[in-house]
Structures are given as structure tokens and as C-alpha cells.
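Grab a coffee and work through these short exercises with the structure open beside you. Try each task before reading its solution.

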Number of protein chains: 2
Amino acid sequence: MAQVKRLRVDGQRNRERIVAAAAELVARDGAQASLEEIARQAGVGSATLHRHFPSRQALLEAVFRDGVAQLCARAAAQPGKEPAAELAAWLEELTVYTATHRGLAFALLGGPAGLTAEDICCTDMLRDVLNVLVARASSRGALHAGATTEDLMMLANAIAVANEKDPLTARRVLRLALTGIRP
Amino acid sequence: MAQVKRLRVDGQRNRERIVAAAAELVARDGAQASLEEIARQAGVGSATLHRHFPSRQALLEAVFRDGVAQLCARAAAQPGKEPAAELAAWLEELTVYTATHRGLAFALLGGPAGLTAEDICCTDMLRDVLNVLVARASSRGALHAGATTEDLMMLANAIAVANEKDPLTARRVLRLALTGIRP
DNA sequence: TTGACAAACGGGGTCCCCCTCCGTATTCAA
DNA sequence: TTGAATACGGAGGGGGACCCCGTTTGTCAA
């Protein structure tokens with residue numbers, strides 16, 4: 001599950017520098033941060049950046065990979081409450097996290113575009129976790145019939161992308177969406 | 001309520017050409033359509049485009065102004081059903097419309113940025129309509145206490161922007177969000 | 001240790017985009 | 001008709017994405 005082909009040490013070093021620089025600049029400028037500037041800050045040529053990350057999506061995936069993995073791990077550690085509540089709680093956590101990290105929502109919504117197998121990972125990790133929660137909730141009849149994993153992920157990401165930098169509003173609106181608009 | 005200062009006839013003509021070209025290219029390329037290309041297709045210099053529309057937002061507002069106005073007018077013509085249902089129905093209509101017209105959701109989410117008084121209009125028109133519907137519903141206790149006009153508009157637009165070109169999914173997810181995820 | 005080869009690098013070029021300056025052309029009111 | 005006010009657009013500065021290809025740097029077998 002590691003790299004398909006091990007990188008040379010200089011390649012590995014540059015890759016890490018690029019991701020670190022990207023994390024910083026994406027936090028400052030959002031998903032549209034300049035790739036040239038990221039390369040400059042990482043101290044590499046722009047060609048090197050493009051060789052390591054064939055698309056902006058791929059770079060964003062790499063930036064957020066660890067954080068998303070932690071978020072997913074925490075889902076497994078949830079106490080086994082009522083399934084729908086458990087699902088709702090995790091979606092809320094996801095939304096707050098995504099809205100807090102500029103660029104992440106965009107990366108998750110963008111979907112696979114020029115990503116190599118090991119790059120597509122954030123999205124898949126999240127989908128896997130959600131699949132489990134959704135299955136558990138719907139097997140007990142606790143979930144609306146028409147609600148798919150895709151729908152819920154899209155909903156959470158849409159709300160997050162519209163509320164970057166405002167996780168509190170994002171959480172409020174997600175709660176509204178999970179409970180419905182009636183009293 | 002017309003133009004603050006009447007344009008010269010050549011100015012008016014060019015403005016219309018620009019909006020027409022923009023409508024076409026935004027439909028094709030989305031909200032990020034090239035302004036240069038729009039100017040080229042309209043047969044004007046790019047300076048002319050920028051003079052008429054100081055920002056991308058302003059141009060998008062102009063492109064969608066008429067359509068949004070019609071949508072708002074239709075809200076008034078709704079039969080007076082149960083208020084929450086009326087609100088839900090119109091939000092659904094809004095979402096489908098927005099998801100159908102590439103770039104519109106982006107324009108509505110972007111908010112006022114460098115818009116002059118007569119440019120800010122789509123957003124305000126929608127907000128006014130929603131305010132009425134929300135007030136009517138909540139005065140009869142048919143609306144969740146924490147739900148504001150801003151929340152609902154944001155929710156509808158977020159779903160639409162995440163589902164450009166897929167109005168059916170947009171509608172499904174909005175319905176889910178309005179009724180909640182439980183059965 | 002060495003040297004040949006694969007792997008990775010990055011300067012610099014191409015093409016596109018946004019935006020503005022300013023000299024020129026058009027309109028309109030008197 | 002005419003001259004001021006208004007609008008036009010070519011051209012250029014500044015920046016970004018992406019790629020070509022000659023050069024440098026690791027790696028590994030001998």
C-alpha cells in the first residue's frame with residue numbers, strides 16, 4: 001500500500017517540501033493558491049511540482065491526506081450510540097473539519113481528475129467510513145430511504161465549501177439539513 | 001430604477017452584446033469562462049468589457065438578471081398552500097433552476113464584490129422573496145427556529161453549485177435536506 | 001570504490017489570462 | 001454644425017499553468 005515505486009531520496013525530499021509549502025499557501029489563499037508560488041516557496045522548479053502532482057486536485061489530496069485519515073480513524077472509535085445520531089455526529093465533525101481547512105472541501109468536491117491510484121485517497125477513505133455508517137443506520141431503518149452515501153457526502157462538502165472560514169455557520173446549516181426545516 | 005445615467009447608444013449596444021456572449025460562454029464553460037474570450041466573441045475590446053463590468057460577479061449578475069427576476073415573479077403567483085410546503089417548493093424550484101444554469105450558483109454564492117448599486121440585484125431579489133416566504137412560514141410556527149433566510153439561501157446555492165449540470169441530483173439532495181435524514 | 005545508467009531536476013519558453021493606460025473615434029446637446 | 005463628453009480598443013505589463021530538454025544527482029552492480 002506504500003508507493004508503487006519507491007522514490008529516490010531527493011525526490012522524496014522535494015515531494016515533502018512541496019506538500020508543506022502547499023499546506024501553508026492553501027491555508028492562506030484557499031484552493032486556488034498559485035502553484036508557481038508553492039514551487040517557489042518549496043525551493044523547487046515548477047516543473048518538479050508538476051511532475052510530482054499532475055493536477056491541483058492531486059496536490060490538495062496529498063496536503064489533506066493525513067488529516068482526513070485521522071478524522072476517519074476517529075469515526076471507528078465512536079461509541080456505538082443510536083446509528084442515525086452516530087452518522088449525524090460524524091457528518092457534523094466532517095463538515096466542521098472541512099470548513100476549517102481551506103481548500104479541502106474543494107478537493108473533495110472536485111472528484112478524481114488526473115489522479116493516480118495512490119493519490120485518490122481522501123475521497124475514498126471518507127466514502128468508506130460513510131458507507132459503514134450509512135449501512136448501519138439504514139439497516140435499522142433509521143435513515144431516509146432515498147439517502148445515499150454520495151448524497152450525504154456531497155451535502156456535507158457543499159455546505160463546507162460555501163462556508164470556508166466559517167465552521168460555525170457550516171455546522172448550524174448542516175444540522176438544519178440533517179433534521180429538516182420543520183420544528 | 002432604470003440606469004442611473006443613460007448610456008450612449010453605442011455603449012448600450014456593446015453592453016448587450018457582451019451579456020449575450022457571456023451567457024453563451026458561461027453556459028459552455030461555467031463561471032470561470034474567459035473574459036477575454038467573451039469580449040472577443042462579443043466583438044469588443046477587453047477594455048470595453050472591463051469598463052462595463054468591473055468584476056466577474058457583476059457580469060454574471062447581468063447575465064442571470066432576467067431569469068432570476070422571472071423566477072421571483074413566479075413565487076408571487078404560487079397558490080397559497082401550507083406555508084412550509086410553499087417555502088419548500090420554491091426552494092426546490094430555485095435549486096433546480098440554479099443547478100441548470102452554469103455559473104449562476106457561483107454568482108449567488110460569491111456575494112457582493114465590487115458591485116455597484118444596480119448590479120447587486122439577483123441576490124437581493126432572491127433574498128426578498130425568501131424573506132417573505134420564511135416570515136410567512138415561521139409566523140405560523142411551521143419552520144425550525146434556527147433557520148434563517150441566509151441559511152436557506154446558502155443551503156440551496158451550495159447544493160446547486162456542487163451539482164451544476166445535474167439538476168435532478170440537486171433536487172433530490174435538497175429535498176433530503178429539507179425533510180431531514182430520518183425516515 | 002567506481003562508473004554507467006536511470007531518475008529527478010529546473011531554467012526558460014509558450015500560451016493564455018486579467019487588467020489598465022491612453023490616444024482615437026463616436027455621440028449628442030446646444 | 002460643432003465641441004465637449006463619452007465610449008472604444010490596441011497594446012503592454014504582470015502573472016499563472018504547463019512542458020521541453022539539457023544537466024545534475026542517486027543507485028547499484030561489478
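**Exercise 1.** Find out which residues surround DNA strand C and which are the closest.

*Solution.* Keep in mind that this is a predicted model. Start with the count: 24 residues surround DNA strand C. The closest are A:Arg8, A:Asn14, A:Arg51, B:Glu36 and B:Arg56. Next, sort the surface near DNA strand C by class, and you get 6 nonpolar, 9 polar and 9 charged residues. Then look at the helices: α1 (9–29) and α3 (46–52) of chain A each supply at least two residues of this surface, and so do α1 (9–29), α2 (35–42) and α3 (46–52) of chain B. The largest share, 5 residues, comes from α3(A).

**Exercise 2.** Work out which part of DNA strand C lies within 4 Å of the protein, then look at phosphate oxygens.

*Solution.* Of the DNA strand C atoms within 4 Å of the protein, 60% belong to sugar or phosphate, and the rest to bases. Now go through some phosphate contacts:

- A:Gly45 has a backbone N or O atom 3.3 Å from a phosphate oxygen of DNA strand C.
- A:Thr48 has a side-chain N or O atom 3.2 Å from a phosphate oxygen of the strand.
- B:Ser34 places a polar side-chain atom 3.3 Å from a phosphate oxygen of the strand.

**Exercise 3.** Decide whether B:Thr149 counts as buried or exposed.

*Solution.* First, locate B:Thr149 in helix α8 (residues 149–161) of chain B. B:Thr149 counts as buried because its relative accessibility is 7%, and buried means under 20%. Leaving out residues up to four places away in sequence, B:Thr149 touches B:Arg127, B:Leu130, B:Asn131 and B:Val134. Finally, check the side chains: a polar contact of 2.7 Å joins B:Thr149 to B:Asn131.

Terms used. Residues numbered from 1 in each chain as written. Chains lettered and ligands numbered in written order. Predicted model: local features only at pLDDT ≥ 70, side-chain atom pairs only at ≥ 80, totals over all residues. Heavy atoms only, no water. Near = heavy atom within 4 Å. Polar contact = N/O pair within 3.5 Å; in protein donor to acceptor, adjacent residues only side chain to side chain. Helix = DSSP H or I, 4+ residues; strand = E, 2+ residues; numbered from the N terminus. Nonpolar A, V, L, I, M, F, W, Y, C, P; charged D, E, K, R; others polar. Buried < 20%, exposed > 50% of the residue type's maximum accessible area, 1.4 Å probe, protein only. Contact = heavy atoms within 4.5 Å.
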